[in-house]
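Thanks for coming. I will walk through one structure today, and I will keep to what can be read from the coordinates.

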Amino acid sequence: MDYTYASSSGSGDVNLNDTEDLVDDPLCNPEKPLRITFEEITSAAYKIRTGIKNTPCEKSHLSDLTGMDLYLKKDFQQHTGSFKERGARYAMLMLNEDERKRGVVAASLGNHAQAVCYHGYLLNIPVTVVMPLIAPIMKIQKCREYKANVIIEGRDMAEAKKVACKLSKERKLTYINGYDHPHIIAGQGTMALEIMEQVSDIDAIVVPTGGGGLLAGISVAVKMLHPNIKIIGVESERCSSYSQAMQNNCPTFTPIEGTLADGLAVPEVGFNAWETSKNLIDKLVVVKEESIALAILRFIENEKCVVEGAGACGLAAILDGQLDELKGKRVVLILSGGNIDTTILGRCLERGLAADGRLVKCKVTVSDRPGGISELCKLFGSIGVSIKDVIHERAWVTSDVFSVEVKVVCETRDYNHSMELRELLCSKYKIVKFENFPPCNRN
Ligand SMILES: Cc1ncc(COP(=O)(O)O)c(C=O)c1O
């Protein structure tokens, strides 16, 4: 398909307030959405074959835990840590000579930006990326390493996109939408061709969903070759724009909240992505943040894989019990990215441990006489529970003045070990409160 881009010249600093009418993304026209075809995906696969890794799709150690014959498509192993390179490389290879010389501009929370910067660097195409203020630091730094012009502007993706579109007009740069440009969608679909070669008799493929480009590309390729394979989209409860589109039968603006799945934080599904995928997907699941944290923890502990929140959503849906109909079936999870800030990873692991019942917070009211707190600590030690933090409170305790409330954060082996601790404390003390656990079984 031969696409043309509208462009005009202009000048002046980017002002978010006067860009309202300037959003010019001619290949993503809500009035005339495009439907991407299987042929475009196969030609993308041919074009990008030498510049993109055919990543492994391996049987998972989590198969027993989940009760599924689980396979993991490890696309976080691409050079920049995400599948986004597929579409980015294809879109850049499809530019004509003149467009290549002038360069491209993209707006992205990080993975698309990194992919465009890296392949622009390899193909010698100048790249400008606009990243919103909330983009993870690690992703911003990586883009700079690829010698791109990195602009940090806009509170969210919608604002960053406005800035990018304005720059596209002013500087005659080709704007590459990260989830709705037809070449991007076709490029992302190439992953499905690999999966179907790598694993036979697949029952379902679970696809993390943000703007919908990956879901659209995957669903076209899969439904053409194996229409019986179920396509299941997953998004975070904090950015459920595809579910909103399904409810309203068209892409709908959906407010975004901070999420561990930052790669999925797109407020409106792409119009081409929606048009392409809406009749091809079998189910859409919305997952809780704590399940995403737990999934990240499981990937690290069981698979030795660092997967970012967006890429862990498929497992989160399974751990949430939202895909129980797939038990006993052969299921492929797409691990779409692995770019997570180390600080966020640390917080994620703590949340995952808490969600797993292994990091526990409790309050126990004990005697304020000498030895009262030490007796409590000995009890923890007696069953092998390790204390991480102890804080005691005297002033705001409502029971007698000879009592002190002790708040303890501790690590246990597993949920049952935490239950054992709760029963032990309840057998020795009158006032025991565990956060996120049911009350004690007192007689
Ligand atoms: C790691 C990761 N997974 C999944 C997605 C979702 O892709 P799409 O926006 O095409 O739905 C993204 C988007 O940036 C991502 O970065």
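Which residues are the closest to the ligand? Before I answer, note that this is a predicted model. The ligand is surrounded by 21 residues, and the closest are Gly 210, Gly 213, Gly 263, Ser 336 and Gly 337. Two elements give two or more residues to this shell, namely helix H5 (111-123) and helix H9 (213-225). Of the elements, H9 gives the most, with 3 residues.

What kinds of residue make up the shell around the ligand? There are 12 polar residues, 7 nonpolar ones and 2 charged ones.

Now the domains. The chain is divided into three parts: domain 1 (38-79 + 182-353), domain 2 (83-175) and domain 3 (359-434). You will see that domain 1 is written as two stretches, 38-79 and 182-353. Going back to the ligand, at least three residues of its shell come from domain 1, and at least three come from domain 2. As for domain 3, its centre and the centre of domain 2 are separated by 53 Å, taken over C-alpha atoms.

There is also a database record to mention. An unreviewed UniProt entry lists residues 48-337 as "domain: Tryptophan synthase beta chain-like PALP". In the model, that span is 43% helix and 16% strand. The C-alpha atoms at the two ends of residues 48-337 lie 19 Å apart.

Next, a sheet. In what order do its 6 strands lie? The order is S1-S2-S10-S7-S8-S9; the sheet is open and its pairing is mixed. Strand S1 (57-59) and strand S9 (283-287) are at the edges, and each has a single partner strand, so each has one side without a neighbour in the sheet. On average, neighbouring strands are turned by 25° against each other, with direction ignored.

One pair is worth looking at on your screen. Strand S7, residues 204-208, and strand S8, residues 230-236, run parallel and are joined by 5 bridges. Val 206 is opposite Ile 232, which belongs to S8.

Last, which strands does helix H8 lie across? Helix H8, residues 182-198, lies across S1, strand S2 (69-73), S7 and strand S10 (330-334), and H8 runs at about 40° to S1. Another helix, H10, covers residues 241-248 and lies across S8 and S9. The angle between H10 and S9 is about 135°.

That is the end of my part.

Definitions and conventions: Residues numbered from 1 in each chain as written. Predicted model: local features only at pLDDT ≥ 70, side-chain atom pairs only at ≥ 80, totals over all residues. Near = placed C-beta within 6 Å. Helix = DSSP H or I, 4+ residues; strand = E, 2+ residues; numbered from the N terminus. Nonpolar A, V, L, I, M, F, W, Y, C, P; charged D, E, K, R; others polar. Domains from an automatic or database assignment. UniProt positions renumbered as here; feature names shortened; annotations may be inferred. Pairing = 2+ DSSP bridges. Axes fitted to C-alpha atoms, helices over the stretch in contact; angles between N-to-C directions. Contact = placed C-beta atoms within 7 Å.
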